[in-house]
Each structure stands twice: as structure tokens, then as C-alpha cells.
Amino acid sequence: MAVVKTTRSIPELIGDVVNDFTVLVRKETELARVEMSEKIGDLGIGIGLLVGGSVLLIPALVILLQAAVAGLVAAGIASAWSALIVGGVVLLIGFILLAFGISRLKSARPVPTRTIGQLERDAEMAKSQVRNDNDPSERAA
């Protein structure tokens, strides 16, 4: 940060503003990049869980259908019930994975909210500094 002098020339002021603005833009860009990579990571995990849940739901459906057919054909129960139990467990696991994946996708919005908030605070700080630099009563003191 530049040292505040009581008398500064216009070129010095412009140089300080350009330097401070450059540093600010560089820091805010870095913050946005880090925040976006976190958001993209959350999206990747959510999509992975959705794919995992979907992969388990397809065989669960096949197993449940086979169990229903075997139950109707055999009507003596035994192997059909075991297929229903296996299919039910796989179906439950698939729904749990899908629920986790959907919740992760809902919470992972790819908007750099922290960066936006920081930019708003920086704008307020810049406005207050401009007001203080333009206030003649401050220079006389």
C-alpha cells in the first residue's frame, strides 16, 4: 500500500491509483480462480455420485424384474425372495447415492459469491478513500 503524503503531485496520485488497482485486480482474479475451482470440484463429486447411483439403479431394476418373473413362474418362493432382497438392497443404495449427488449439485453453484462480496467491499473502500482525498478540510489539518 502507498504511503500517504501531505502533498502529492497528480502523476504520483495516478501512479499510486494504477498500482493499487493492478494489485487489487490481480488478487481478486486469484480469489475468483480459487473459488471457481472449489465449485467445480463440488460439481464433479455431485456428478460422480449421480453416475454411481444411476449405474446401481439399472442392475437393481433388472434384478427386481427377474425376481418378479421368477416369483410368478416358481410360485414356490425361495430363489425369487433372495433375488428380491438383493434387488431391494441395491435399489436402496442407488437411491441413497442419487440423493447425495443431487444435494451436492444443489449446493454447488458455480458463482464466485465470496469474490463478488469482496469486490463490493473493495468498491466501498475505494469510494470512501476518494471522498477523503477530495475533502479539503482533511488536507488543511
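**Exercise 1. A surface patch**

Task: Find which residues make the nonpolar surface patch of about 300 Å².

Solution. Start with the members. Ile10, Ile14 and Val18 make the patch, with an area of about 300 Å². Remember that this is a predicted model. Next, place one member. Val18 sits in helix H1, which covers residues 10-74. Then check its exposure. Val18 has a relative accessible area of 48%, so it is partly exposed. Patch members need over 30% relative accessible area, so a partly exposed residue such as Val18 can qualify.

**Exercise 2. Fold and confidence**

Task: State how many helices and strands the protein has, then say where confidence is lowest and where it is highest.

Solution. Count the elements. There are 4 helices and 0 strands. From the N terminus, the order reads α-α-α-α. Now turn to confidence. The average pLDDT is 76, and 75% of the residues score at least 70. Helix H1 has the highest mean, at 82. Helix H4, residues 136-140, has the lowest, at 51. Finally, apply a caution. Predicted coordinates should not be read in detail where pLDDT is low.

**Exercise 3. Burial, surface and contacts**

Task: Work out what share of the 141 residues is buried, and what share of the accessible surface belongs to carbon and sulfur atoms.

Solution. Begin with burial. Buried residues are 14% of the 141 residues. Move to the surface. The accessible surface is about 10,300 Å², and carbon and sulfur atoms hold 71% of it. Add the contact pattern. Take contacts with a separation of 6 or more: 80% of them join residues 24 or more positions apart.

**Exercise 4. The salt bridge**

Task: Search the whole structure for salt bridges, say how many there are, and name the side chains that meet.

Solution. First, the count. The search finds 1 salt bridge. Second, the partners. The side chains of Arg104 and Asp42 meet at 3.3 Å, N to O. Third, their places. Arg104 is in helix H2 (residues 79-107) and Asp42 is in helix H1, so the pair links distant parts of the chain, 62 residues apart. Fourth, exposure. Arg104 has a relative accessible area of 29%, so it counts as partly exposed. Asp42 is also partly exposed, because its relative accessibility is 28%.

**Exercise 5. A buried charge**

Task: Decide whether Glu28 is buried or exposed, and give the distance to the nearest side chain of opposite charge.

Solution. Locate the residue. Glu28 belongs to helix H1. Check its cover. Glu28 is buried. Look for a partner. Arg121 has the nearest side chain of opposite charge, 7.5 Å away. Apply the cut-off. A salt bridge needs the nitrogen within 4 Å of the carboxyl oxygen. Glu28 has no salt bridge. List the contacts. Leaving out residues up to four places away in sequence, Glu28 touches Thr115, Gln118, Leu119 and Asp122.

**Exercise 6. Far in sequence**

Task: For Met36, Ala83 and Val90, find the C-alpha distance to Thr115, Leu65 and Ile58 respectively.

Solution. Take Met36 first. Met36 lies in helix H1. With a relative accessible area of 26%, Met36 is partly exposed. Met36 and Thr115 are 79 residues apart in sequence, and their C-alpha atoms are 9.7 Å apart.

Go on to Ala83. This residue is in helix H2. From Ala83 to Leu65 the C-alpha distance is 9.3 Å, across 18 residues of sequence. Beyond neighbours up to four places away, Ala83 touches Ile63 and Ala67.

End with Val90. Helix H2 holds this residue too. The C-alpha atoms of Val90 and Ile58 are separated by 9.6 Å, with their positions 32 residues apart along the chain. Neighbours within four places aside, Val90 is in contact with Leu56 and Ala60.

How values were computed: Residues numbered from 1 in each chain as written. Heavy atoms only, no water. Patch = residues over 30% accessible without salt bridge, like charges linked within 9 Å, V, L, I, M, F, W, Y side chains within 5 Å. Areas by Shrake-Rupley, 256 points an atom, 1.4 Å probe, with all protein chains shown as cover. Helix = DSSP H or I, 4+ residues; strand = E, 2+ residues; numbered from the N terminus. Buried < 20%, exposed > 50% of the residue type's maximum accessible area, 1.4 Å probe, protein only. Lys, Arg positive; Asp, Glu negative; His and termini not counted. Contact = heavy atoms within 4.5 Å. pLDDT = per-residue confidence, 0-100.
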